[in-house]
Amino acid sequence: MSAYNYVITAKPATAVHDAVKGYFLSSYVQNLIISKGTCIEIYSLDGLHLKHKHDFSLYGRIRAMEICSLPEKPQGILFVLTESHEYVILYYDAEHNSVDTYAKGVIQHKFVRKTNFGPMTSIDQSGKIVITSIFGGVISVLSLMDARISVLNSVKGKAKDTGRPNTPVFFNLRIPENEIISLTTVCANDALRFVVLYSDENERRHIKTYDINIATKALVTKSQFHASVEDHDQIVVSVPEPYKGVLVIGELTISYYDLEGSSKTISVPAMDVKGYGMVNTHGPNVQFLIGDSTGMLHMLTLVPVSKVIPELIFENIGQTHVPSSIVSLGGGIVYLGSPEGDSCLIKLSKNAYNVSSFDVIEEYPSLAPITDFCLFDLDKQGMKTMVCCSGVENDGSLRMVRGGIGFSKEFAVPMKGVTKIWPLLSRNNKWQDGLVISLLNSSRLVQYNYETMTTAEVSNFPNFCYDERTLSTAITKQGSLIQVTPSWVRLMPYSHGCKQFSKWSPPSIGSRIDVAYTTSSVCILSYEIGVLALLSANDLTLSIKRERKFDDEISCIYVSPEVPNNSGPVFVAIGLWGGQDVKLLNISDFSTVWENKIEADAVPRDVRYTKLGEHDYFFVGLDDGRMVYFCSKDGMKTQREVSIGIGKIQFHSFEINGENAIFVASDRPTIITSSHGRLVYSSVNAEEIFGFCTYYSPDKEKYNLLATSTELMFGSIDTKRSLHAIKFPLDKRMSRRIAYHEDSKTIAVATVQTKLRNEVNFSKGWLQIFDAYTLKCVDTIDLLENELIESLLSTKVEGYDMSFLFVGTAILEEDDSDPENGRILVYKVCDRHTYSLVDAVKVPGVVYDIQPIKGSIVASVVGTIYYMSHFNPDANLGERFTMVPKLDVSNTILAIDTDDDRILTGDLMHSMALLKMEDSSETTQLEKVARDFNSSWMTTVKILRDDSYIGADALLNLFTLKPSKQTEDCALERMEVIGEYQLGDLVNRFRSGTLSEKSREKQDVVIDRNTFLYATVNGAIGSISSISVNEYELLLKIQQQLETLPSIGSLEHRRWRSFNNGTRTGEPRGFIDGDLIETFLHLPKEKRNRVYKSIDNLNTPLSDIIQLIESLSDVR
């Protein structure tokens, strides 16, 4: 194994940090623009819904955005500021559907410290000037006032309008205020005026105005206004005309200042403001929405009562998710973007008493922040499930995350017992205007009414059989409806008023039809023992055209589609009951083209002969959830076996982006496609599916229909493989730690709720138990007063077959000082859901982490490692287990990881240290053997396989260490840095495993990679996999070549991924950016070939590179 790692995002960040609106994609439709970490998403409002229009990523974490205007250009441009103080100005090229770079730069100042309140921006009302505060006493100004359309000479020497502006004007101004808390721009007659809310050297707060002369790039000193404000004030907000003043919003008051000497203040309930936005500027009143840290929404209305000072009306209008951004989209529709829970779209309204309220129209799921997660394979089918602790305070929830293809349900019809669904082709062959639905013992017909333009069930269609299940159905080329039931084959006109029809039944009395398959051309069915028959259906007449007798009953039938222009044969695929045989027949004479015997003790329940990619496949679905198939690549000789689920499976053919695909309906619905000559299996995020079809409705909507045990779902399949999450709310509790208990199939979750008690925040903690199948809470265990859970571990202890749950806690002090005590508790599971306390031990501090080691456990209690030296759950209470301190390591050990006799610690300030356990017959000792002498604020750590170690720090870096040599003045080995990488997000947890599906092909050879997942504060999920030296060197060459390609914003990839912990910086090394590498697969073929050929000294074939990248992408 090597010390090189491949980092790739499995699910991008979902936390919304900023949102703006403006005419970015066009000059006539406003867009909502949202930033999530490094990604920008663009939407338009379609009725009461947001419609996704575009998205892109930057090489940098987005701090702020503003929509700007250019002279003579109605379409806006986007100003983006990153955390590294780089700014870019972007514009949309409609012709190429791309976002391009207009300008870029870096805001920097040597020898000036940053403000404590972070970068902030404001844009003037004209949209042409952006001011920024990053450094103390410095205001940066970006002006587009003088921007003009660039004129370049064409080849013929004539002037050519490129439509692109010149470089903007950028300059810095010095002001005496060093600690700016908030700023905004306001209306001024002949200059740009801005207002700062700042803190002075005595920590008193004030507001002050400055005017800027853009032409001279200087301050105009004569127009200053100054006022002292409350020390709890947080935000200064510009108020539009006719007021031209500002609001100062604080924890207890809101004040209006006209900036000429008059003001008005009102008291408000205590609140910590998280987001605000103006929602009404029409009419006499101006309204602002304000969101606080509890998710409460408040409406502030400015009512004119004089020419200068308005009346301020403050009202609480309800609770939702904690917003960071509030954007009015018009018509009372408001977008609330949240970094701490789901974002949403709301509709404002007033009741008969003129009281404001709102309704939530749509919610947009977010996993952020993920504080912890667990990973498990519930059914041992090779598909792991991830359950995340997500959200903050009232927005707390559990999120069940699974990989695969997503199904988005638009609506559903309650319906039990559906076994199959067929769409019916309309008379003009352009769309489908009917559905036949087969249930266990009946059938239903749904048709589109062209007069009312609605779809409804038809209960009296002439000659349609309703009281039997349908085996197969189709619309013939002559426009007739053919329906096969166990008793009859019926052929009838597909029109409601016509009663003419014909029918056919097996000739023997009491004989029934077993299976059937119909197309627009033929009807193939089986009756009695092994009789296969082809019925012709012409002019409403049914007749036997061909038959063949087999020794065993036929269990399933499939007919391949007709080849265009009759240029090839049509085949009939069948499966037999007795000998587990499968056969491929020529439809012209039922002669056997190919046959084989299934090497499995199960019955073929469905067959499919189809082309996927470059090859023909014969798929056989068995009744025990397995699938076998044969491929034309080896002449249909080799049988390959795949595990789909545990129950009967059915095949349904459909298309994805014009390519053939198979939907496998089962208890684990799966889509089969082909990529580069190999089959790809993608799970669908749905429960057990019994039927499937694609329905092109007359209203030009395309639906995928999925039948569950209780309903028929209409929706769409997102063909891109990704992670999909389901939300389970926690009743206004926040989940903090989580552990999966394998024996009982339950999940233990540490939850907490914070409430105001006697004007002081009070936190109450619980241990809650959830069923791993349903995520329903089955038990809640109370803790001590002021006790919160900090760590959870489910593990077995030497000498016992069962798994125990270990719980580490902190007991909070009433005066908010650091906790001085905690406990370690042990629970056993008596039955599936009942957790019983074994015993509890008090320790002197917070139990930050617990990990298993050699049949016992170790725990980090503040800066000391404790070891469980004794465990006997049958002893007297208070004597059942013993925790003893073994080694003082550092100040505060936030995270530990173990492997065999090694213990890796991650400290709050002092990076990582490596311990070793010496276990003798008499005693167990811990020894510190190596440490990193650099300073790093760790958040989580993990031991890798090859004596290397990885950690994540609070400044968003990943780095790897390896013990190298002893220091001169210390017996400890020095842990040297061997890899550095800026991830750009704060990682809370590493867990071994992957959300990708294990190969379902028994014959596949899988490379054994050390792969683990991480989860972040911004709701991102990613994967880190070990790679060999040769793989690293190959991928590094590709990465370096991809870095030379133009990027959005012209930001540098290498600068973005460079390590930076505030005191030391370094070039990225030892890590490969899988997100960048994966773009190689999506390049146009010609461009990909150019990139490949431009890499020096590359001897690896392109096909091998593609296969390597795909294999690394599959493990996430």
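So, Ser255: buried or exposed? Its relative accessibility is 3%, and buried means anything under 20%, so Ser255 counts as buried. Keep in mind that we're looking at a predicted model here.

Where does Ser255 sit? It's part of strand 23, which covers residues 253–257. And what does its side chain do? It makes a polar contact with the side chain of Thr265, at 2.7 Å. If we leave out residues up to four places away in sequence, Ser255 touches Val246, Leu247, Val248, Lys264, Thr265 and Leu312. So Thr265 turns up twice, as a polar partner and in that list of contacts.

Okay, let's go to the start of the chain and look at strand 1, residues 4–11. Six of its eight residues are buried, so the rest of the structure largely encloses this strand. Which strands does it pair with? One is strand 85, residues 1021–1027, and that pairing is antiparallel, over seven bridges. Another is strand 88, residues 1071–1073, where the pairing is parallel, over three bridges. Asn5 is a nice residue to click on for this. Its bridge partner in strand 85 is Ser1026, and in strand 88 it stands opposite Phe1071. If you're new to this, strands of a sheet pair through backbone hydrogen bonds, and they can do that parallel or antiparallel.

How is the chain divided into domains? Domain 1 takes in 1–15 plus 889–1115, and domain 2 is 563–685. Between the C-alpha centres of domain 1 and domain 2 there are 40 Å.

Next, a couple of sheets. Strands 2, 3, 4 and 5 make an open sheet of four, in the order 2-3-4-5, and the pairing is antiparallel. At the edges you'll find strand 2 (18–22) and strand 5 (49–57), each pairing on one side only. From one strand to the next, the twist averages 25 degrees. Let's zoom in on strand 4, residues 39–46: eight bridges connect it to strand 5, and the two run antiparallel. For an example of who faces whom, find Cys39, which stands opposite Ser57 in strand 5.

The other sheet is also open, with four strands in the order 67-68-69-70 and antiparallel pairing. Why is one side of strand 67 and of strand 70 left without a neighbour in the sheet? Strand 67 (787–796) and strand 70 (835–843) are at the edges, and each has a single partner strand, so there's nothing from the sheet on the other side. On average, neighbouring strands here are turned by 20 degrees against each other, ignoring direction. Strand 67 pairs with strand 68, residues 803–811, over nine antiparallel bridges. Within that pair, Ile789 stands opposite Thr809.

Last stop: helix 4, residues 1085–1093. Which of its residues are buried? Arg1088, Val1091 and Tyr1092. Looking down the helix axis, those buried residues fall within an arc of 100 degrees, so they line one face of the helix. That fits the general pattern: an α-helix has 3.6 residues a turn, so residues three or four places apart point the same way. What's on the face turned away from the buried side? There we have Glu1086, Arg1090 and Lys1093, which are exposed. And what covers the buried ones? The cover includes helix 1 (1029–1042), helix 3 (1074–1082) and helix 5 (1102–1114).

How values were computed: Residues are numbered from 1 along each chain as its sequence is written. This is a predicted model: local features need pLDDT of at least 70, side-chain atom pairs count only at pLDDT 80 or more; totals for chains, interfaces and linings use all residues. Side-chain values use heavy atoms; hydrogens and water are left out. Buried means under 20% relative accessible area, exposed over 50%, partly exposed in between (1.4 Å probe, protein chains only). The arc is that of the directions from the helix axis to the C-beta atoms. Contact means heavy atoms within 4.5 Å. Two strands pair if DSSP finds at least two bridges between them. Axes are lines fitted to C-alpha atoms, for helices over the stretch in contact, and angles run from 0 to 180 degrees between N-to-C directions. Domain bounds come from an automatic or database domain assignment. A polar contact is a pair of N or O atoms within 3.5 Å; within protein, one must be able to donate a hydrogen and the other to accept it, and residues adjacent in sequence count only if both atoms are side-chain atoms.
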